[in-house]
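Biologist: Please take a close look at one part of this model, the nonpolar core, and at what surrounds it. Keep the sentences short, and spell out the cut-offs.

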Amino acid sequence: MKSTTIHPVWVRVFHWINAVAVILMCMSGWQVYEASPIFSAIRFPASVTLGGWLGGALLWHFAIMWILAVNLGTYLALSICTGRLRRTLFPLTLRALITDLVAALRGKLGHSDLSQYNAVQKLAYLVVIVDIVLLILSGLTIWKPVQFPVLRMLMGGFDNARVVHFAAMSVLVGFFVIHVAMVALVPRSLLTMIRGR
Amino acid sequence: MRSTKSTPTLDAASIIKDAQKELQSSSRRLFGKRILTLGGLALLSGCDLTNEKSVNHLLRTVSSFNDGAQGLLFDPRKLAPTYPDSMITRPFPFNAFYDIDQVPDVDGATYRLELKGLVKGKRVWTLGELSALPQCSQVTRHICIEGWSAIGKWGGVRFSDFLSRSGADTTAKYVALHCADDYWTSIDMPTALHPQTQLTLTYDGNVLPAKYGFPMKLRMPTKLGYKNPKHIVAITVTNEFPGGYWENQGYNWFGGS
């Protein structure tokens, strides 16, 4: 049985908790953004936001943040300690990335073995992990600019930390759209993330 | 234990084959459709989740927990960044829960600041007496909960000095601030004693204008705007949680960095 498990149970638990947390963080974050939009052209309609008003959205944002951070921290600790991160997402070479990207764009990238990620997948998963870490760090800067002076400096000051937070959110949403589209193309991958094989 | 070991190992291909057989193409499509619909519904209903009483109660509980966590995280020695005068935001934005034409008109001559609660010393202060105390000034960033920020220059009395001169019990938990416009908020004692927390009497070198809180406001660069009350007429030192105008509606009570 063990040999056929593609995603161990802790990976699946992490994945789904993370999925829910990320969606709730985005929806409540968009409501917060609406209180003082950074870009006048980018607005979020009430139908996609959570919390109803600024105060309500912040209650959600500051509650779910714990789940997002603890879940990601646990995942990173487990996947680094078990060697799974290294095994599944590395090695990642530029050559393999180009080959697989070209194949993907021509619709010729095979998915016969779901336990092996292709180079484009590896990059996408690495990017989204780093991106969520960046979201947490920029969020921490916006929340506690006085307590974290080093983070504040790295983010380019308080105002810029908001821009970083927004940009990282945009990358996350971009990943989400492509990720869901890919799952729709290869529905078996949804099954493996639910039952592990 | 032995019997499980002897069962033939299943391989991925056969399981997928079985699953595919079970889910005939039409039912597969329906399954997919239903999952999408369910997801969509869950997302849509998310907007109404906050109206749910139990959910709201849970969120408020987490917010109180966050107050505690932020209190632990707060390092009273960490200072908010200060800026050169050239970086002051001009004009500095007016912000309140009402329009600028409704700014309270406080008479400086008859103004009295009243101290209540755990205070042993002087309980009533005139504007002249406050102005006679040692003054300092700071150019710091005012951050609104909405996300925008602006740099301003405030002058006045270091609040910790004022509290000790008044004989306030600085071992108390809270300082509540009551305003002429019926606004009120409250802060934790460590923030009240923070070196940058200022009983503010001037803005940019001039007497504090009405729109920025005449005759007196509390300026805390470690707190968000709604924790920086204007037109303060009374201060209470207490161990009983005082809440606040916005805080009681859902803004986080600690509300700062």
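Modeller: pLDDT is the predictor's confidence in each residue, from 0 to 100. Two residues are in contact if their C-beta atoms, placed from the backbone, lie within 7 Å. Residues 1–8 of chain B stay under 50 in pLDDT. For that stretch the model has 0 contacts beyond four places in sequence. Chain B as a whole has a mean pLDDT of 89, and 80% of its residues reach 70 or more. The model scores ipTM 0.92 and pTM 0.87.

This is a predicted model, in which local features need pLDDT of at least 70, side-chain atom pairs count only at pLDDT 80 or more, and totals for chains, interfaces and linings use all residues. Residues are numbered from 1 along each chain as its sequence is written, and chains are lettered from A, with ligands numbered from 1, in the order in which they are written.

Now the core. A nonpolar core is a set of buried Ala, Val, Leu, Ile, Met, Phe, Trp, Tyr and Cys residues joined through C-beta atoms within 7 Å. Buried means 20 or more other C-beta atoms within 10 Å of a residue's own; exposed means 12 or fewer; partly exposed is in between; C-beta atoms are placed from the backbone. The largest nonpolar core holds 33 residues. B:Phe159, B:Val175, B:Leu177 and B:Ile232 have the most contacts inside it. Helices (H or I, at least four residues) and strands (E, at least two) are DSSP runs, numbered from the N terminus. In chain B, at least two core residues come from each of the strands β1 (112–117), β4 (149–158), β5 (174–179), β6 (184–188), β7 (198–203) and β10 (232–238). The helices α6 (159–165) and α7 (189–192) of chain B also supply at least two each. β5(B) gives the most, with 5 residues.

Apart from this core lies another one, of 26 residues. Its members include A:Ala21, A:Val32, A:Ala57 and A:Leu59. In soluble globular proteins, nonpolar side chains tend to be buried together.

Back to the core in chain B, and to B:Leu177. Its contacts include B:Trp184, B:Thr185 and B:Ser186. B:Leu177 also touches B:Leu218, B:Pro229, B:Ile232 and B:Ile235, again leaving out residues up to four places away in sequence. One of these, B:Ile235, is the bridge partner of B:Leu177 in β10(B).

That pairing belongs to a sheet. Two strands pair if DSSP finds at least two bridges between them. 5 strands of chain B form an open, mixed sheet in the order β2-β1-β10-β5-β6. β2 (124–126) and β6 of chain B are the edge strands, each pairing on one side only. β10(B) has a different sense of pairing on each flank. With β5(B), β10(B) pairs antiparallel over 6 bridges. With β1(B), β10(B) runs parallel, joined by 4 bridges. Within that pair, B:Lys116 has B:Thr236 as its bridge partner in β10(B).

The loops around these strands hold some unusual backbone. B:Asp182 sits in the loop between β5 and β6 of chain B. Its phi is near 70°, positive although the residue is not glycine. B:Asp182 is exposed, with 10 other C-beta atoms within 10 Å. B:His231 lies in the loop between β9 and β10 of chain B. Phi of B:His231 is near 50°, again a positive value outside glycine. This residue is buried, with 25 other C-beta atoms within 10 Å.

Chain B also has cis peptide bonds. One joins B:Phe214 to B:Pro215, with omega about 5°. B:Pro215 is in the loop between β8 (206–207) and β9 (217–219) of chain B. Another joins B:Arg90 to B:Pro91, with omega about -5°. B:Pro91 falls in the loop between α4 (53–73) and β1 of chain B.

Some totals set the scene. Chain B has 7 helices and 10 strands. Of its 257 residues, 34% count as buried. Among contacts in chain B between residues at least 6 apart in sequence, 69% join residues at least 24 apart. The contacts of B:Leu177 with B:Ile232 and B:Ile235 show such a link inside the sheet.
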